[in-house]
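Welcome! Here are some short exercises for getting to know a new structure, each followed by a worked solution. Take a look at the structure first, then try each task before reading on.

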Amino acid sequence: MTDQYAVVGHPIDHSKSPDIHAEFAKQTNQDITYEAIEAPLNGFVDTITRLAAEGYKGVNVTVPFKFEAYQCANHLRMPAKHAGAVNTLIFSDSNIIGDNTDGVGLVRDIEKNLHKPIQCKRVLMLGAGGAAEGVLHPVLNAAPSQLVVANRSVEKAVKMIEKVKSLVQYSSVDLGANTFDELKNQKFDIVINATSTGLSDTPLPIPNEIFADGCLAYDMMYGRETPFMAQAREAGARVSDGLGMLVEQAAEAFYCWRGVRPETDPVMKKMRA
Ligand code: NDP
């Protein structure tokens, strides 16, 4: 019998996940379907309950439901607990298991695809929203020497750093929360833009000096050049968008459901084309 999966969000038309999972299934000979489902803004839990009852095996969850998915899971895997959000649900017997594969996806894209090891590097995370929080622990687990979170509302960055310190001891990492102004005279080897400014083409008030020699500037957004990417490129950084993260987080979700790890390289090439 064909196993059914879906991505649930609102809106959902833009989602590339059905194409990515169709490629994974073809490549690994898995007999599955994967569709995009728009849940009403006040109807996420009802949608999940219905899909589980209809025999779906799992779903990906996207904006704006990642926090509701966290609440609706009755068992949480560690990455989801740390992130406080869920992007992958696994329906198993009567259980709803919540996981979060965004952080693994980001770290794999940076380290495996872009060949930039995080270990002992100075990392700057711009933004303190859901995406930043979701990837913080996996980035820390990759052992940077320094991790600074800078955010427009700095109190959110402070809260995020305090939370991370209270959960796990990262004694070898120099952790900090800054305003954008405080970034003056600092340099980083990896700068990750986890703000949503790319969506509105808004430049960030960050100085060019933050991009150290050989810096990788990574924008989690994908699909077009953002003002952050343009600025980083001009400042001499190597630049990447977040398509690789999208494909890698999907591969990890596929592995959670099917126990098979698909090749991501050919899928990424196809998506870019
Ligand atoms: P949230 O709405 O949770 O957070 C938005 C963040 O952007 C906050 O830190 C906010 O700051 C900041 N921000 C928004 N507008 C401005 C501005 N004008 N100037 C400075 N900072 C601003 O969004 P998410 O965290 O969920 O998503 C962030 C981005 O990550 C999106 O572009 C999304 O597409 C991308 N993403 C990509 C994924 C992938 O697989 N590639 C996966 C998940 C997300 P403040 O706190 O001050 O409001």
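**Exercise 1. Find which residues touch the most other members of the largest nonpolar core, and which elements supply that core.**

Solution. Keep in mind that this is a predicted model.

Step 1: The largest nonpolar core has 30 residues, and of these Leu106 and Ile192 touch the most other members.

Step 2: Now look at the elements around them. At least two residues of this core come from each of helix H5 (102–113), strand S7 (122–126), helix H6 (130–141), strand S8 (146–150), helix H7 (154–167), strand S10 (188–193) and strand S11 (211–219). H6 gives the most, with five residues.

Step 3: Follow Leu106 outward. Beyond its neighbours within four places in sequence, Leu106 is in contact with Val135, Val139, Ile192, Tyr218, Met220 and Met245.

Step 4: Another core lies apart from this one; it has 22 residues, including Val7, Ile97, Leu243 and Ala250. As background, nonpolar side chains in soluble globular proteins tend to be buried together.

**Exercise 2. Decide whether Phe188 is buried or exposed, and list what it touches.**

Solution. Step 1: Locate Phe188 in strand S10.

Step 2: Its relative accessible area is 0%; buried means under 20%, so Phe188 is buried.

Step 3: Not counting residues up to four places away in sequence, Phe188 touches Arg122, Val123, Leu124, Gln146, Val148, Leu183, Ile210, Phe211, Ala212 and Cys215.

Step 4: Compare sequence with space: Phe188 and Gly214 are 26 residues apart in sequence, and their C-alpha atoms are 9.5 Å apart.

**Exercise 3. Do the same for Glu23: is it buried or exposed?**

Solution. Step 1: Glu23 is found in helix H1 (residues 17–28).

Step 2: With a relative accessible area of 17%, Glu23 falls under the 20% cut-off, so Glu23 is buried.

Step 3: Setting aside neighbours within four places in sequence, Glu23 is in contact with Val267 and Lys270.

**Exercise 4. Work out which strands stand at the edges of the six-stranded sheet.**

Solution. Step 1: Write down the order of this open sheet, S2-S1-S3-S5-S6-S4, and note that the pairing is mixed.

Step 2: Read off the two edges. Strand S2 (32–38) and strand S4 (75–76) each have a single partner strand, so one side of each is left without a neighbour in the sheet.

Step 3: Step inside the sheet. S3 and strand S5 (residues 88–92) pair in the antiparallel sense over three bridges, and Val59 stands opposite Leu89 in S5.

**Exercise 5. Describe the largest pocket and the second largest pocket by volume and lining.**

Solution. Step 1: Start with volume. The largest pocket holds about 1,400 Å³ of space, while the second largest has a volume of about 160 Å³.

Step 2: Of the 46 residues lining the largest pocket, Val63, Lys66, Ala131, Ser196 and Leu199 are the closest to its centre. Strand S3 (58–61), helix H3 (66–72), H6 and helix H9 (243–258) each supply at least two lining residues.

Step 3: Sort that lining by class: 21 nonpolar, 20 polar and five charged residues.

Step 4: Turn to the second largest pocket. Among the residues that line it are Asp109, Lys112, His115, Asp265 and Arg272. Helix H10 (265–272) gives the most to this lining, with four residues.

Step 5: Here the classes are two nonpolar, four polar and six charged residues.

How values were computed
Residues numbered from 1 in each chain as written. Predicted model: local features only at pLDDT ≥ 70, side-chain atom pairs only at ≥ 80, totals over all residues. Heavy atoms only, no water. Core = buried A, V, L, I, M, F, W, Y, C linked by side-chain atoms within 4.5 Å. Buried < 20%, exposed > 50% of the residue type's maximum accessible area, 1.4 Å probe, protein only. Contact = heavy atoms within 4.5 Å. 1 Å grid on protein atoms, 1.4 Å probe; cavity = no way out; pocket = protein on both sides within 12 Å on 5 of 7 lines; lining within 4 Å. Points joined across faces, edges and corners; volume = space filled by probe spheres on them. Nonpolar A, V, L, I, M, F, W, Y, C, P; charged D, E, K, R; others polar. Pairing = 2+ DSSP bridges.
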